[in-house]
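The exercises below are meant to be worked with the coordinates open, each one followed by a solution that goes step by step.

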Amino acid sequence: MATLQERFAAQVPELRKELGILAKEKGNNKIADVTVKQAYGGMRGIKGMICDTSVVEPDKGLIIREHPLLTLKELWPEEIFYLLVTGEKPTKEETAALQLDLAARSHIPDYVWDILEAMPPDSHPMCMLNTAILAMEKESAFRAWYDKGMTKSEYWIPMMEDSLRILGVLPGIAAGVYRIRYGKGEPIDYLPTLDWGANYARMLGLPDPTGDFAKLMRLYLNFHCDHEGGNVSANTCHTVGSALSDAFYAVSAGLNGLAGPLHGLANQECLDWILELMDKFGGVPTPEQMREFAFETLRAGKVIPGYGHAVLRVTDPRYTGFNEFGHKYLPNDPVFKCVDTVFTVVPKVLEEFSAERVAAGKNPIANFWPNVDAGSGALLYHYGLTEFPYYTVLFSVSRAMGMLSQLIVNRAMGTALTRPKSVSTKWIQANA
Ligand code: CMX
């Protein structure tokens, strides 16, 4: 049995050796060309950074350490974290040791509660979460070790410490944000005998007599864990971390990116859109009514939340996994039924709208299929988590695993300070 820290420590020398060989043998090989369109277009598709925890294949979706996501859906989130960091699935004993370690780090200091209580009552839950993480920066082991003096080869050790501390407190802080923001009563303590996902479900304080909500939370935390390195939150976290800012700074920064409506906030917007749709037609609308509503949204210049993706070109396997859960546990729920039917209507609408855009000289919509955010809200709503501005916080608790595992691996690899070269429009005019 090896703890996560011991297992990763054993891997680091080999990892560094491989990198040394790669740099020597392939250091000057080319991996990308960049067009002017890409430089203006959010650097879409440019290969210019490394992420070993996961990749997103346009035609397959998320692959974690060589495993397609849906083959991992039975894993609990803490097992996924172990896998993200080490590339190996933990044994039962290793999982139990990690659970104990997280529980031992789950105490939330009083000043965090004071800060959250003092925030304006209409603060966005994402702002509350990110503020709380940032407030705990004074605890950073990385900063303490750095101030005392450490070698570069040791960087990953306090980064691992900070990561485990953040993961230890995160479900409790996130659940506390829910309870404070929505007047649900005092925060609930972490139960060391429960796993990480079920703890989060329990600390939210929603009734769960069947244990199905805890199952959903484990799945939810599993599915949102990572999405390679270039998305806004991962990329932001990576860039901040590359300056050797500690994990509290880097994760809080990454999550501020997740709070954008084109990224994680789509999570809250999706259900809003579905409920508006149901409200307008007094229940589950017919496919024809959905089509009309979808076109109305598009003609008003808005996006249909939960559809499209910067990388994916197929239905997101995470949508498929949530859809399977819905069919198994809540097949007759009206909101779930509505989401399920939207899937049969919206891709066609987007395809037609894209053709109209192209005819009008605009760029096409690259992907008509649902992403992760299209399917999860209806499930949360069913179990009584009806405050959809909170949904991105759930996403954040999960995505912190991806960001933290990337930070640990990057510090072990000695990843360099991020500093791409920007050019001016005048330079493009003269040189491109
Ligand atoms: N509804 C309407 N228009 C859409 C669309 C949608 N669902 N998806 C893409 N488009 C539009 C874009 O807004 C863009 O229009 P402009 O050129 O006028 O700005 C055009 O189609 C081309 O975009 P694209 O190349 O297909 O996609 P991008 O890589 O630029 O954007 C994304 C990807 C996710 C931001 C976009 O599909 C979108 O806004 N979707 C809805 C919001 C959403 O679900 N976000 C969550 C994504 C998952 C996540 O990161 O968390």
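**Exercise 1.** In this predicted model, determine which backbone oxygen the side chain of Arg-411 reaches, and decide whether Arg-411 counts as buried or exposed.

*Solution.* Start from the side chain of Arg-411, which comes to 2.9 Å from the backbone oxygen of Gly-241. Next, place the residue: Arg-411 belongs to helix α18, which spans residues 391-413. Then consider accessibility: buried means under 20% relative accessible area, and Arg-411 counts as buried because its relative accessibility is 3%. Finally, list its contacts beyond four places in sequence, which include Phe-142, Lys-152, Tyr-155, Trp-156 and Met-159, together with Gly-241, Ser-242 and Leu-244.

**Exercise 2.** Find which side chains place a polar atom by an oxygen atom of the ligand, and state how much of the ligand's accessible area the protein covers.

*Solution.* Begin with the polar side-chain atoms: one of Asn-371 lies 2.9 Å from a ligand oxygen, one of Arg-44 lies 3.1 Å from a ligand oxygen, and one of Arg-357 lies 3.2 Å from a ligand oxygen. Of the 890 Å² of accessible area that the ligand has on its own, the protein covers 77%. Then turn to the shell, where 23 residues surround the ligand, the closest being His-263, Ile-304, Gly-306, Tyr-307 and Ala-366. Sorted by class, the shell residues comprise 13 nonpolar, seven polar and three charged.

**Exercise 3.** Establish how many residues of helix α3 are buried, and identify the residue that follows α3.

*Solution.* Count over residues 77-86, where 10 of the 10 residues of α3 are buried, among them Glu-78, Glu-79 and Thr-86. Then step past the helix to Gly-87, which follows α3 and has a positive phi near 80°.

Conventions
Residues numbered from 1 in each chain as written. Predicted model: local features only at pLDDT ≥ 70, side-chain atom pairs only at ≥ 80, totals over all residues. Heavy atoms only, no water. Helix = DSSP H or I, 4+ residues; strand = E, 2+ residues; numbered from the N terminus. Buried < 20%, exposed > 50% of the residue type's maximum accessible area, 1.4 Å probe, protein only. Contact = heavy atoms within 4.5 Å. Polar contact = N/O pair within 3.5 Å; in protein donor to acceptor, adjacent residues only side chain to side chain. Near = heavy atom within 4 Å. Areas by Shrake-Rupley, 256 points an atom, 1.4 Å probe, with all protein chains shown as cover. Nonpolar A, V, L, I, M, F, W, Y, C, P; charged D, E, K, R; others polar.
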